[in-house]
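Biologist: Could you take me through this model before I set anything up with it? I would like to go from single residues outwards.

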Amino acid sequence: MTSIELIEVGDPTTTVWLPLFATLVPAGFPSPASDELEELFDLNRILFRHPEATYLIRVAGESMKNAEIHTGDLLAVDKHLEADHNHIVVAVVDGDCTVKRLVRRGTSWWLQAENPDYQDYEITEPENLRIWGVVTHVVHELIPGKLTALLRSRD
């Protein structure tokens, strides 16, 4: 199973206003940039729809790599949302914590890995499964080590 580190969110009521620009940035060929500021936007509105029921975790392992979830990534997990087919969830199975995609195949429910090197897990005994929440966002750092250093500095 994937190893997970729980991280306290802190006070989610703190507003952090960031500039949100109206222009989409193409990922293909460059185009002239726009200076048009659409609004100031609080990122908490996206990451923490239910702040009282949201937590952050870090992931270890590559069982979800094809869902673009990698070792060291930070996940926002909402306990308020009801887990449903095709949601990525944090689950505890027989005491082991894991991040997997919850899928329905016919009348059966499965925790599906997003890496062919890992086995899917059929939920045959629902009483041995606890869903800790639905993953709503992934923070994937592009400058390796910065997130780890920042998290280490909070101790």
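Biologist: Is Arg105 buried, exposed or something in between?

Modeller: In this predicted model, Arg105 is partly exposed, because its relative accessible area is 33%, which falls between the 20% and 50% limits.

Biologist: And which residue forms a salt bridge with Arg105?

Modeller: Asp120 does, with the closest N and O atoms of the two side chains 2.7 Å apart. The pair links distant parts of the chain, since Asp120 sits in the loop between strand 8 and strand 9 while Arg105 belongs to strand 7, 15 residues apart. Asp120 counts as partly exposed as well, at 28% relative accessibility.

Biologist: How many salt bridges does the structure hold?

Modeller: There are 2 salt bridges in the structure. Besides the pair of Asp120 and Arg105, there is one between Glu114 and Arg101, whose closest N and O atoms are 2.6 Å apart. That pair also links distant parts of the chain, with Glu114 in the loop between strand 8 and strand 9 and Arg101 in strand 7, 13 residues apart.

Biologist: Are Glu114 and Arg101 buried or exposed?

Modeller: Glu114 is buried, with a relative accessible area of 14%, and Arg101 counts as buried too, at 15% relative accessibility.

Biologist: Strand 7 keeps turning up, so how many of its residues are buried?

Modeller: Strand 7 covers residues 96-105, and 7 of its 10 residues are buried, so it is largely enclosed by the rest of the structure. For the chain as a whole, buried residues make up 34% of the 155 residues.

Biologist: What does strand 7 pair with?

Modeller: Strand 6, residues 88-93, pairs with strand 7 in the antiparallel sense over 6 bridges, and strand 8, residues 108-112, pairs with strand 7, also in the antiparallel sense, over 5 bridges. To fix the register, Ile88 stands opposite Arg101 in strand 7, and Val103 stands opposite Trp110 in strand 8.

Biologist: What do the turns of those hairpins look like?

Modeller: The hairpin of strand 6 and strand 7 has 2 residues between the strands, and Asp94 in its turn has a positive phi of about 50°. The hairpin of strand 7 and strand 8 likewise has 2 residues between the strands, with Gly106 taking a positive phi near 65°.

Biologist: Why single out the phi of Asp94?

Modeller: Most residues other than glycine have a negative phi. Asp94 has a positive one although it is not a glycine, and at 51% relative accessibility Asp94 counts as exposed. Asn86 is another such case, with a positive phi of about 80°; Asn86 lies in the loop between strand 5 and strand 6 and is partly exposed, with a relative accessible area of 42%.

Biologist: Switching to charges again, what is the nearest side chain of opposite charge to Asp78?

Modeller: That is Arg49, 5.8 Å away, and Asp78 is buried yet has no salt bridge; the separation from Arg49 is beyond the 4 Å limit for a salt bridge. Asp78 is found in strand 5, residues 74-78, and a polar atom of its side chain lies 2.7 Å from the backbone nitrogen of His80.

Biologist: What else is Asp78 in contact with, further along the sequence?

Modeller: Leaving aside neighbours within four places in sequence, Asp78 is in contact with His50, Ala53, Thr54, Gly133, Val134 and Thr136.

Biologist: And Glu122, what does that one touch?

Modeller: Not counting residues up to four places away in sequence, Glu122 touches Ser108, Trp109 and Trp110, and a polar contact of 3.1 Å joins the side chains of Glu122 and Ser108. Glu122 is found in strand 9, residues 121-122, and is partly exposed, with a relative accessible area of 29%. The C-alpha atoms of Glu122 and Trp109 are 6.2 Å apart, although the two residues are 13 apart in sequence.

Biologist: Last one, then: how many helices and strands does the chain have, and in what order?

Modeller: The chain has 2 helices and 10 strands, running β-β-β-α-β-β-β-β-β-β-β-α from the N terminus on. Among contacts between residues at least 6 apart in sequence, 58% join residues at least 24 apart. The accessible surface of the chain comes to about 10,200 Å², and 55% of it belongs to carbon and sulfur atoms.

Conventions:
Residues are numbered from 1 along each chain as its sequence is written. This is a predicted model: local features need pLDDT of at least 70, side-chain atom pairs count only at pLDDT 80 or more; totals for chains, interfaces and linings use all residues. Side-chain values use heavy atoms; hydrogens and water are left out. Helices (H or I, at least four residues) and strands (E, at least two) are DSSP runs, numbered from the N terminus. Buried means under 20% relative accessible area, exposed over 50%, partly exposed in between (1.4 Å probe, protein chains only). Contact means heavy atoms within 4.5 Å. Accessible areas come from the Shrake-Rupley method with a 1.4 Å probe; for residues, only the protein chains shown count as cover. Two strands pair if DSSP finds at least two bridges between them. Lys and Arg count as positive and Asp and Glu as negative; His and the chain ends are not counted. A polar contact is a pair of N or O atoms within 3.5 Å; within protein, one must be able to donate a hydrogen and the other to accept it, and residues adjacent in sequence count only if both atoms are side-chain atoms.
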